[in-house]
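Trainee: I would like a close look at the salt bridges of this protein, one pair at a time. Please then place them in the wider picture of the fold.

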Amino acid sequence: MSNRSLNLDDTLYHYLLGHSLREHPCQTALRAATASHPRARMQIAPEQGQFMALLVKLLGVKRAIEVGVFTGYSALSVALALPADGRLLACDISEEFTALGLPYWREAGVADKIELKLAPALQTLDEHLAKGEAGSYDFAFIDADKVSYDGYYERCLSLLRPGGLVLIDNVLWGGDVARPAQDADTAALQALNAKLHRDERVDLSMLPLADGLTLVRKR
Ligand code: CA
């Protein structure tokens, strides 16, 4: 028994997946297709995708944002959870990586819910703010280059309605955030974690899920 989060070993992790993971066949196939990719570690964990989908349903999300698509597993997870008229603005700069996911989005019948924008995400988010979309989104997932996280966070927070949720990925960064930073990515995550802790505009919870996921609710 413990009053702190468990450190999962392989046996317990496989138990967790074996007793809770529900994937659409296209999610399983996309995960398998990404497993051999040299940057496969950039894909979110399947139990994280399922958790995000649950949040999307709990919040009744209709308008969502994703910053950092990679091969599209998280976008697929969110899109499958959105209602028929729900929309996901998916931001990435890599046509090569995102193209891997497209066939699976189509096969799952959710490609029409996903607007893939291939451009620097700061620019895309600024364009949507300039169009007067502040306060009109329900949900955002940030999982891209770490040095720009604070810029993504501020823009997503502006685009969210009060009560909307921002999810920030990799906040524990393999444990590096708890040690003196040796690189810019770690330093950026440490700075954002410290800022969020005292950010009076939001409620938050930092979860030791996958590589660390912070849930931030706009007040
Ligand atoms: Ca990530």
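**Salt bridges and their setting**

Mentor: Happy to. Let's begin with D143 and K146, which form a salt bridge with their closest N and O atoms 3.5 Å apart; the term stands for a side-chain nitrogen of Lys or Arg within 4 Å of a carboxyl oxygen of Asp or Glu. Both D143 and K146 are buried, where buried means under 20% relative accessible area, exposed over 50% and partly exposed in between, using a 1.4 Å probe and protein chains only.

Before we go on, please keep in mind that this is a predicted model, in which local features need pLDDT of at least 70 and side-chain atom pairs count only at pLDDT 80 or more, while totals for chains, interfaces and linings use all residues. Residues are numbered from 1 along each chain as its sequence is written, and side-chain values use heavy atoms, with hydrogens and water left out.

A second pair is D126 and R155, whose side chains meet in a salt bridge at 2.9 Å, N to O. This one links distant parts of the chain: D126 sits in helix α6 (residues 121-130) and R155 in helix α7 (residues 149-159), 29 residues apart. Helices (H or I, at least four residues) and strands (E, at least two) are DSSP runs, numbered from the N terminus. D126 counts as partly exposed because its relative accessibility is 34%, and R155 falls in that class because its value is 22%.

Helix α7 also holds Y152. With a relative accessible area of 6%, Y152 is buried. The C-alpha atoms of Y152 and L122 are separated by 6.3 Å, although these positions lie 30 residues apart in the numbering sense of being 30 apart along the chain. Setting aside neighbours within four places in sequence, Y152 is in contact with V67, A121, L122, L125, I142, A144 and D145, contact meaning heavy atoms within 4.5 Å.

Next come E23 and R31, whose side chains meet in a salt bridge at 2.8 Å, N to O. R31 counts as partly exposed, because its relative accessibility is 26%.

Some of the charged residues go beyond simple pairs: D150, E154, K195, D199 and R201 are linked in a network of salt bridges. R201 brings us to R217, since R201 is listed among the contacts of R217 together with G163, G164, L165, V202 and D203, again leaving aside neighbours within four places in sequence. R217 itself lies in strand β7 (residues 213-218) and is partly exposed, with a relative accessible area of 39%. As for A33, its C-alpha atom is 33 Å from that of R217, the two being 184 residues apart along the chain.

Two loops deserve a stop on the way out. Ahead of strand β7, A210 lies in the loop that runs from β6 (202-207) to β7; A210 has a positive phi of about 55° although it is not a glycine. At 45% relative accessibility, A210 counts as partly exposed. F70, in the loop between β1 (63-67) and α4 (73-81), has a positive phi of about 50° and is not a glycine either. F70 counts as buried, at 5% relative accessibility.

For a buried strand position, try L89 in β2 (residues 87-92): its relative accessibility is 3%, so L89 counts as buried. Beyond four places in sequence, L89 touches A64, I65, E66, E115, K117, T124, H128 and Y137.

Finally, the wider picture. The whole structure contains 15 salt bridges, and the protein's secondary structure comes to 8 helices and 7 strands. Of its 219 residues, 46% count as buried. Among contacts with a separation of 6 or more, residues 24 or more positions apart account for 71%. The C-alpha atoms fill a box of roughly 45 × 40 × 35 Å, taken along the principal axes.
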